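Trainee: I would like to learn how to read an interface between two chains. Could you take me through one?
Mentor: Gladly! Let's look at it together.

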Amino acid sequence: MLRALLIAAVGLLALLAWREDLPDVEIRLQQRTTQAGRIFGGHPLGQGFRCEHDGLRALDVALAPIGGDARAIDFELRRGGPGGELVRRARIEAAALPASDGWARFEFEPLADSAGQDFHFALACEDRNAHSPWVRYRGVPYVVRPWGDRALEGSVVEGELLPAPPRAQTDLHHGDLHTLAFATNYVHPQAGAMKLTLSDALTGEVLRTASVGPGIPCDTGWMFFRFETLADTRWRALRFKVELPTGASLIGNAEGPSIVAYHGGSRVSDDVLGATCAGAPLPQRDLVFRAWSSSTRSALLARLRERGGERILWAALAWFFALVVALRLLGRPVEERE
Amino acid sequence: MGALEGADRRRVRRLVLVAALLHGLAYLLAVAPWMGEDEPWHLEYATHVAALHRPWGGEAAKLGEGGVDERREWPTSQLQVRRRMAGVSEEEIAQRQREILASMGEHAYFRRVDWAGAVSDRTDFDQVEPFFTATSQPPGYYTLLGLWLLPVRHAAIETQLLWARGLSLLLYLASVWIVLELACCAFSDRSLAIAAALAFAWFPMNARLGAVVNNDALARTLGAAVLMLCARRLAGDSARGTLVLAAALVALGLLVKSTVMSLAGVVALAWMFGGERSARWRNVLFGVAGGAVIVGAVLWLWHVQHSPVLPRNVDAFLARVQRGASLETFGELWRTFVGGFNWYSREFSPTTYAVAGVLAGVATLSAFSALFHTRRGVSRPVLGLCFALVGLQVLLVVLRGEGQGRYLMPAMAALAVVFATGLLAPLSNFRRPAGLKLFAMLLFTYDALFLWGGLVPNECLLWGS
């Protein structure tokens, strides 16, 4: 029994050791495909979230260095939304920003009463910086063409999404297409709107239109054109036309622009409240971030109780008694004892 | 210390099975719904069998014939199911997928599995993993599971999942019992036999396989059974039926999963080296010829079953072998064998894998040396057979080009024998009981770290938003 208790203690310690590693809120994205682009001066990128526990003390934001001069990033945390009460500030100097794809941590004095409250943080730079936050768009992604190697000429870019050759595989594998993201080289903050027209490749009938901006700048990032869901897109041929404002250009390769198609639903956990640019909402997307609050044992156990339920308790009991029985095997054989 | 026999053997068997039952139950309760790798696809396949659809003779998709491309109408995962299952309608397939996806969303699957994305409202399996299906797998396991599901076929999908996991638990218990029998063939030493049985029953990823719906669970049980029968043959069991039964189980296994192909090699070895010395060359000749016929038949069967195991051409085969033989694949194989969580999207720390690697390396080298030096209580022919199975299993991984730990499961019984030999056999008879205690404590600690420091926190505490 003593040995069983010893092993059980190891298990318990291993479980409790997690309390330092449990973010309050986290966007976990194993394959990061879409970055927001550089942060422009006067156009901070932000994100809202709801805190689960008291003691909010740090925010990590996933950043990718995309070339150019690194600049310090200023961080502001507000209660409620982008216009709410400013509660904390932080700053990471240029030299301390991640040299490769990684988390940048903004630490601040803990907020004692953060549990259950909505917050909004914003990242600001004096001028275009070298780091781009990663973005998670709410949809089922399907990469038509990954980030390309060249800027595409022209203020109008047209092309087709094809179901079969010459493509190696279909461009539109799923139904319910609702968003197309285009890799964008540059869009000035004062530039006009970008417009997407989607039509049937065979009949030429215009099926959907969408626009982005004005006032949504982008440098080396992805622009998301959202439109009313188009149901029957599976293995279909569509034609797209992107009209760009002056000075703007797309990224692509020899085959055409880099595109990610988003299909299906868009329901995510209600503790993430969406991204913003200069305070304006960027629909259906979130910056990739994690928030850290108190790391008490009781918070861990509360989460275990809430998410694991009684079955974890029964599992622990079964596991312990399995140990007790198995340890009896280590004793002497029957004949020797007799 | 002598062999495991008589009343002591019965007592040990009873204790091992009770302990394994409790251990398996702990995993059954701890693993959250849909957290077994590919579980939604496996259950989907079996529920169609339970609905009395034959798992062969379905209708192939029209890919442009007569101007009709059905991929526009239905997701490819649903067309693949229709190709396998006779008489199932597209609506029925779509409905089943929606039912499973709704349950996955409800049970936070998309918040637990990092590569799946967080969006919880999906309408077909392609929206989780495009171009993927379980229905390209042979129908053996799904026929058994479909029959097992018959009593609950009208119940909620979560009930069917739990019931299906119950079959995996039974297979796990059967495997533990078989491994104890194997250990009694491999060792005439009580401590070594118990160590092998515990190593099998307590190896965390193996115990976890007893709590999820997966055809690897049956492949693992068949692997243990075939190895045990062949070991008996090598240990002197001259009954002709032993190898016939082993061969029949291999044939059955090939209708379960391609990873059991290695067992054909084990039967061939037992056939060649298990008989009388005078007949050995004749046996080798028959073994090679029979093996070639079996391999040819199996390759043909997989081809007509659209198995993804077969590469499409020589270039694809070479690329697959190159990928399979890479360090990256072996690294992945090792990590997912030692411990991978949340559909392999999360792992232990690198130190854990390194420590496990050192221990496994020492055990393997030590066991390998036992092939050439006498170790009291160890049957060298049986140990050799275990090494052969492990080698063949790793070879299959290389040929498949994918390193996932569960592909080693048909050789799990062999690995348990190798680990027990490597870590305990070098000790003197007098020290082996104490060595067994240390061995067991290490194993139980590993299991505690896996379950309470890995599986439970990753599945219950760390969710994406």
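Trainee: How many residue pairs are in polar contact across the interface of chain A and chain B?
Mentor: Keep in mind that this is a predicted model. Across that interface, 22 residue pairs are in polar contact, with both residues at pLDDT 80 or more.

Trainee: Which elements of chain A give two or more residues to the side that touches chain B?
Mentor: Among them are α1 (2-16), β10 (140-145), α2 (297-308) and α3 (310-328) of chain A. The one that gives the most is α3(A), with 14 residues.

Trainee: And what is that side made of, by class?
Mentor: On the side of chain A that touches chain B, there are 34 nonpolar, 15 polar and 20 charged residues.

Trainee: How many salt bridges does the rule find across the interface?
Mentor: The rule finds 3. In one salt bridge, the side chain of Arg28(A) meets that of Asp114(B), at 3.0 Å from N to O.

Trainee: How do people state the size of an interface?
Mentor: Often as the accessible area lost when the parts come together. Here, chain A and chain B bury about 5,800 Å² between them, and 66% of it is on carbon and sulfur atoms. In chain A, Arg28(A), Arg234(A) and Leu329(A) lose the most area to chain B, together 13% of what that side buries.

Trainee: Which residues does Ser120(B) touch, leaving out those up to four places away in sequence?
Mentor: Ser120(B) touches Arg267(A), as well as Gly105(B) and Phe110(B). You can find Ser120(B) in the loop between α5 (109-112) and α6 (140-149) of chain B.

How values were computed. Residues numbered from 1 in each chain as written. Chains lettered and ligands numbered in written order. Predicted model: local features only at pLDDT ≥ 70, side-chain atom pairs only at ≥ 80, totals over all residues. Heavy atoms only, no water. Buried area = accessible area lost by both parts, 1.4 Å probe. Salt bridge = Lys/Arg side-chain N within 4 Å of Asp/Glu carboxyl O. Polar contact = N/O pair within 3.5 Å; in protein donor to acceptor, adjacent residues only side chain to side chain. Helix = DSSP H or I, 4+ residues; strand = E, 2+ residues; numbered from the N terminus. Nonpolar A, V, L, I, M, F, W, Y, C, P; charged D, E, K, R; others polar. Contact = heavy atoms within 4.5 Å.
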